[in-house]
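Colleague: I am new to this one and would like to know what stands behind the words people use for it. Could you take me through them?

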Amino acid sequence: MTAVAERTALEIGAPRKRKEDQRLITGRTRWTDNIQLPGMLHLAMVRSPFAHANVTAIDTEAAKQAEGVVAVITGADIAATQGACANAWPVTTDQKTPAHLPMVVDHVACTGEIVAAIVARTAALARDAAELVDVTYEELPAVLDAKEAVDDTVLAHPDLGTNTTAVWTLDSAGQGTGGHVDDAIAEARVDGIVIERDYRQQRLIPAFMEPRSTVVDPTGEQITIWSSTQVPHILRFLIAATTGIPESKVRVIAPDVGGGFGGKLQTTPEEFITLAAARQVRKPVKYTETRSESLVSAHHGRDQYQHLTLAATKDGTVTGLKVELIANLGAYVALVGGGVPVLGAWMFNSIYKFGSYRFTTRNVLTNTPWVDAYRGAGRPEATYAIERLMDELAVAVGVDPLAIREQNWITHEEFPFTTVAGMTYDSGNYEAATARAKEIFGYDALRVEQKRRRDDLDPVQLGIGISTFTEMCGLAPSRVLGSLNYGAGGWENAAIRMLPTGKVEVITGTSPHGQGHETAWSQIVADRLGIPFEDIEVLHGDTAVSSRGLDTYGSRSLVVGGEAVVRAADKVVEKAKVVAAHLLEASEADLEFVGGRFGVKGTDKGVGIAEIATAAFTSHNWPEGVEPSIDAEATYDPVNFSFPHGTHLCAMEVDTETGATTMRKYVCVDDIGQIINPLIVEGQVHGGLVQGIAQALWEEAVFDDNGTLVTGSFVDYTLPTSADTINYESEHTTSPSTTNTLGTKGVGEAGTIASTPAVVNAVVDAVRHLGINDIRMPLSPERVWRAIRDAGSAATGDTP
Amino acid sequence: MLAPTITVNGSAGTLSGVDPSTTALDWLRSRGLTGAKEGCAEGECGACSIMVARPGDDGGTRWTAINACLVPAASLDGGEVVTAEGLGSPQSLHPVQHEMAVRGGSQCGYCTPGFICSMAAEYYRPDRMPVASADEHDHELDHEHGPNGFDLHSLSGNLCRCTGYRPIRDAAYALGEPDADDPFAGRCLAAPPALTSTRQEGPTGVYVRPTSLAAALDLYAAHPQAVLVAGSTDWGVEVNIRGARAPFAIGIDRLPELRTLDVGEDVIEIGAALTLSEIERRLDGRVPLLAKLFPQFASRLIRNGATIGGNLGTGSPIGDTPPALLALEAVIVLASTDGERDVPLADYFTGYRQTVKQPGELIRAIRVPLPLSGTTAFHKIAKRRFDDISSVAVGFALDVADGIVSRARIGLGGVAATPIRALATEAALEGQPWTADVARAAAAVLRQEGTPMDDHRASAAYRTATLGTALLKLHAETATPQEVGA
């Protein structure tokens with residue numbers, strides 16, 4: 001045996017350039033819309049311009065006669081075969097769930113719903129012909145706002161009899177994790193502090209950069225579906241479950257996917273209709289949405305009314321929190337739409353020790369596009385509420401907002417800590433992250449400047465915003481999901497194939513869309529197996545290659561999928577060890593595996609794991625009774641969530657004359673556990689921050705009174721540009737997660753969850769002395785200006 | 001006539017058989033160059049950015065990033081295009097691609113080739129100079145320029161949803177200078193692609209690009225319903241979003257008579273087919289009011305394509321140039337086969353998207369009379385700092401002599417069906433001392449001008465208030481200390 005040079009440099013923790021970039025940066029990529037197949041036809045959708053209507057007639061004759069048209073499809077044509085957009089998470093056993101057909105048959109419940117589709121030679125001809133389909137609608141009264149939906153005056157689905165699909169409650173008294181919140185509030189009203197607020201989580205649009213696209217090839221033994229999705233495995237399962245096509249006859253491929261942020265965590269009408277169309281015409285069919293279609297018909301995010309009651313002692317120790325939500329699910333209960341507000345239930349108490357807690361969400365249907373997961377999904381809403389409330393409490397007590405947090409948070413000696421909501425946080429160190437953030441931020445100096453500006457009556461005021469957040473990542477332990485009535489498990493699968501040439505294929509069930517799995521997974525396996533980073537290929541997003549997987553969402557890929565990779569790699573080592581002992585004629589107990597090589601302790605004898613892979617190929621010299629393979633597979637079910645946390649500090653300048661806000665400084669110190677690739681982590685943090693900041697300052701989906709989306713293009717739905725962002729300063733403290741081998745916690749959503757309240761707290765802090773304690777998001781110059789104007793007139797008795 | 005031919009990444013491609021309403025983006029993608037993509041089809045996202053060889057300022061060539069989704073492929077006839085695929089390969093990354101990789105500038109990668117092209121064009125900008133003695137602290141505060149002279153506005157037309165832009169900015173600011181043997185830098189030293197006359201016919205219509213104004217006017221006279229295409233930012237949106245297919249389009253973007261800029265004794269004449277980027281560069285701050293306007297006009301990517309004539313030609317009430325040009329008392333030079341006539345911009349707009357322009361008439365130039373007023377400002381309220389439609393825009397041009405406002409010209413956009421002059425406010429200022437009291441009184445008048453509307457961008461009340469605040473800010477910034485006290 002030749003000795004293999006030991007690899008000692010660790011890949012984990014190294015800022016490796018991403019493998020993905022070679023193709024992405026040079027334009028040599030495989031987006032779904034790039035796919036061209038022989039004889040491929042194109043699909044265009046006819047969408048409802050009405051928010052609520054009955055479809056009484058569809059005249060397709062003119063469209064059928066149009067140039068290049070191969071077929072015109074209506075809901076009635078495919079009613080029996082089209083499948084259904086499923087709800088995977090009925091949050092209560094009595095949840096009211098309206099049937100959600102991909103193509104409407106007779107009832108339209110929101111603008112943009114598909115009532116017909118055109119199959120034509122080119123996409124342009126299909127779109128032209130779509131204009132010729134004459135649909136007769138009988139318009140119905142529409143309910144758009146969640147609060148208005150509650151009293152059932154106007155029903156989004158008249159046949160359902162109510163707009164409320166479910167009311168879900170978590171009560172610390174009921175589950176034994178705390179006292180009765182109403183008692184705490186009553187007590188505080190007598191001899192303490194009660195903060196009661198209404199906050200609004202505006203509706204947002206995920207607005208991934210790649211419009212969704214689906215190609216279906218029905219020719220051949222299997223139907224192959226390429227789709228721009230976060231969830232190829234879930235899509236395959238639900239197609240089989242709702243269309244009756246055997247799962248084994250469906251192959252779903254998510255090739256390069258251009259962003260998702262939860263927005264592609266859905267099985268969409270467009271996917272089902274493209275499949276139905278391809279099966280009908282028996283040719284490959286492609287559908288690629290336009291941006292305006294994407295903004296109205298890909299699911300939306302957030303949209304909650306939050307009524308919050310916080311009880312505290314006079315000195316600011318929180319004794320109870322009551323959360324009453326009204327969550328707008330839109331026209332249907334989407335894939336996990338009803339569960340998104342529920343996910344917040346464990347997070348409103350955040351990093352704090354509360355005596356009592358009750359969370360209730362009323363999930364309502366409206367005649368608006370359906371709402372589902374958007375980066376953070378339930379946790380940003382919760383974090384926003386509690387971090388805003390802690391600032392209000394600090395004002396009521398008359399102390400610094402950092403002090404009130406410190407007074408209430410779990411100290412690092414107290415882990416593991418079971419919260420009032422019933423979660424057990426395994427690790428964390430809020431003191432360390434906060435101390436470091438304060439230092440980098442220059443907290444005290446900025447407070448001095450803030451006071452100076454106030455004293456000088458400077459038209460530009462300065463505010464400081466704080467957000468000490470935590471979140472639950474790594475979705476999820478299957479038994480927990482089961483207890484919540486979720487329709488799937490939370491495990492993840494990985495396999496490792498040791499190729500005879502010494503190269504390694506890693507197959508993962510998580511399906512990335514920008515997170516850099518190919519790089520990070522290579523780093524993990526490189527360290528675990530001692531194989532060079534460059535020799536590792538990560539395969540994903542194809543159900544024929546990675547047959548088992550639950551895909552990418554909820555910051556789960558690394559924490560759950562990465563652990564599965566670790567376990568598969570460890571199995572490879574275990575299997576190889578048996579062979580190494582045989583080849584080296586040594587006892588397994590005498591072997592040590594270091595840097596990719598099994599060595600006999602105390603000798604220079606050894607064999608590399610790559611050589612064993614080659615030996616498996618020939619199997620000429622293999623131990624008796626042992627299968628000739630060192631490949632391995634692992635399926636991992638997490639034992640707990642992971643709980644990243646961090647302290648974010650934001651300084652905002654507010655021009656009190658125009659209402660314009662300018663970010664001056666933003667510092668975050670996040671504890672996300674062990675970092676695999678700092679380059680990727682920084683990208684996730686910064687990208688997340690900007691999405692959260694965008695909620696605070698710029699983004700909102702706006703409808704007119706008829707339910708038409710006014711912000712239906714990138715001209716009107718204003719994503720931030722590079723000139724709108726500053727250089728955020730990001731650092732990390734580390735308290736490794738105790739529940740997975742690598743100690744990772746997840747980072748995909750942290751920035752988004754933390755930054756929104758930090759920004760709003762800062763703006764409110766800048767103008768609080770004018771008598772303002774809240775401004776509705778997004779904090780446009782006009783809203784800030786109005787708040788200042790209204791506060792001023794209230795103070796002087798002027799009428800506006 | 002030969003079929004139009006475009007040099008893409010160094011090799012020639014023909015447009016034979018391509019419909020004239022085909023965008024450059026669709027044509028490139030049909031050739032397998034799928035790095036550029038359709039992210040929005042209206043010039044907002046920049047996923048379609050490519051680099052084209054355009055005339056430089058000194059006889060050379062300048063790489064210019066444009067939105068491929070907005071231009072007819074035929075308009076690139078005789079031109080040279082470079083895409084992300086042509087800049088580098090996985091084995092041999094371009095310096096811009098290398099920096100993007102090492103800084104983590106790409107996540108999902110969908111927008112990345114567009115960023116690469118916008119960034120590469122800025123990398124090759126001939127007047128990009130490292131900041132000489134950048135004070136470390138000052139530099140940190142100027143987020144919009146790198147120590148290498150990189151202007152972040154060159155990326156303002158590219159959207160990224162993944163990175164938060166920090167890694168992209170880091171990559172941009174880390175770029176060095178092109179190597180001596182860099183082929184793209186070398187290309188800049190040679191003459192730009194020659195102007196060729198183009199005719200492209202297809203099932204949906206005809207695109208014709210003449211090489212002289214006379215030929216263009218003859219064509220327009222013969223086809224008065226023709227769509228004039230210059231920067232084609234409007235054409236592209238019509239084609240992509242509204243499915244328009246112009247039966248007859250006349251390309252006027254490269255007519256030499258429309259591409260001059262002359263600074264005379266009494267007037268500055270700006271050719272209508274100059275892009276806003278070219279005007280910004282050539283004026284180089286000579287007209288401060290326009291210098292304040294340009295950075296707020298859409299994005300650099302759009303300004304690289306959009307022409308000033310096109311912006312006025314559409315007659316939009318919310319175009320960004322009219323408020324500034326009204327304050328400058330600009331005059332529009334209209335040309336037809338009957339000759340030329342001058343129309344003051346204030347008389348040019350007649351209604352919503354309507355102007356005095358007659359069939360067969362095109363805008364040849366815009367004249368700005370000299371001398372310029374000494375006190376100017378441009379103020380725009382939008383949801384986003386840059387690259388956004390204005391809710392309301394105002395241009396101020398005041399002459400203040402011996403503390404007295406001798407002359408006031410104020411242009412307003414977004415407060416009526418057409419851009420208007422704030423005549424009552426002008427009257428309230430003229431002859432008055434430039435004092436806080438006068439500014440306050442005039443601001444009250446300004447708030448009454450026009451009838452702004454309510455929409456999701458801003459309420460009428462806010463638009464109105466903003467106008468007044470803009471005037472007060474102008475006073476606060478320009479008044480001498482004793483005037484402030486007065």
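Colleague: What makes R457(B) and D716(A) a salt bridge?

Modeller: A salt bridge is a side-chain nitrogen of Lys or Arg within 4 Å of a carboxyl oxygen of Asp or Glu. The side chains of R457(B) and D716(A) meet at 2.7 Å, N to O, so the pair fits that rule. Across the interface of chain B and chain A the rule finds 5 salt bridges. One point on origin: this is a predicted model, where local features need pLDDT of at least 70 and side-chain atom pairs count only at pLDDT 80 or more, while totals for chains, interfaces and linings use all residues. Residues are numbered from 1 along each chain as its sequence is written, chains are lettered from A and ligands numbered from 1 in the order in which they are written, and side-chain values use heavy atoms, with hydrogens and water left out.

Colleague: How many residues of chain B are in contact with chain A?

Modeller: Here 61 residues of chain B are in contact with 63 residues of chain A, contact being heavy atoms within 4.5 Å. On the side of chain B that touches chain A, the residues divide into 24 nonpolar, 19 polar and 18 charged. In that count Ala, Val, Leu, Ile, Met, Phe, Trp, Tyr, Cys and Pro are nonpolar, Asp, Glu, Lys and Arg charged, and the others, Gly among them, polar.

Colleague: Why is Q82(A) called buried?

Modeller: Buried means under 20% relative accessible area, exposed over 50%, and partly exposed in between (1.4 Å probe, protein chains only). Q82(A) has a relative accessible area of 1%, so it is buried. Leaving aside neighbours within four places in sequence, Q82(A) is in contact with L101(A), P102(A), M103(A), T243(A), F272(A) and I273(A). A polar atom of the Q82(A) side chain also lies 2.8 Å from the backbone nitrogen of M103(A).

Colleague: Are R388(A) and D774(A) each buried or partly exposed?

Modeller: R388(A) is buried, with a relative accessible area of 0%. D774(A), at 26% relative accessibility, counts as partly exposed. Their side chains meet in a salt bridge (2.8 Å, N to O). This pair links distant parts of the chain, 386 residues apart.

Colleague: What makes E122(B) and R300(B) a salt bridge?

Modeller: Their side chains meet at 3.9 Å, N to O. E122(B) lies in helix α4 of chain B and R300(B) in helix α12 (residues 300-303) of chain B, so the pair ties together parts that are 178 residues apart in sequence. Helices (H or I, at least four residues) and strands (E, at least two) are DSSP runs, numbered from the N terminus. E122(B) is buried, and so is R300(B).

Colleague: Why is R209(B) called buried?

Modeller: R209(B) has 1% relative accessibility, so it counts as buried. D253(B), at 14%, counts as buried too. The side chains of R209(B) and D253(B) meet in a salt bridge (3.4 Å, N to O).

Colleague: How do you know that the span of helix α18 of chain A agrees with its number of residues?

Modeller: The expected span is 1.5 Å times one less than the number of residues. The 28 residues of α18 (residues 557-584) of chain A should therefore span 40 Å, and its end C-alpha atoms are 38 Å apart, which agrees. Just after α18(A), E585(A) takes a positive phi of about 50°.

Notes: A polar contact is a pair of N or O atoms within 3.5 Å; within protein, one must be able to donate a hydrogen and the other to accept it, and residues adjacent in sequence count only if both atoms are side-chain atoms.
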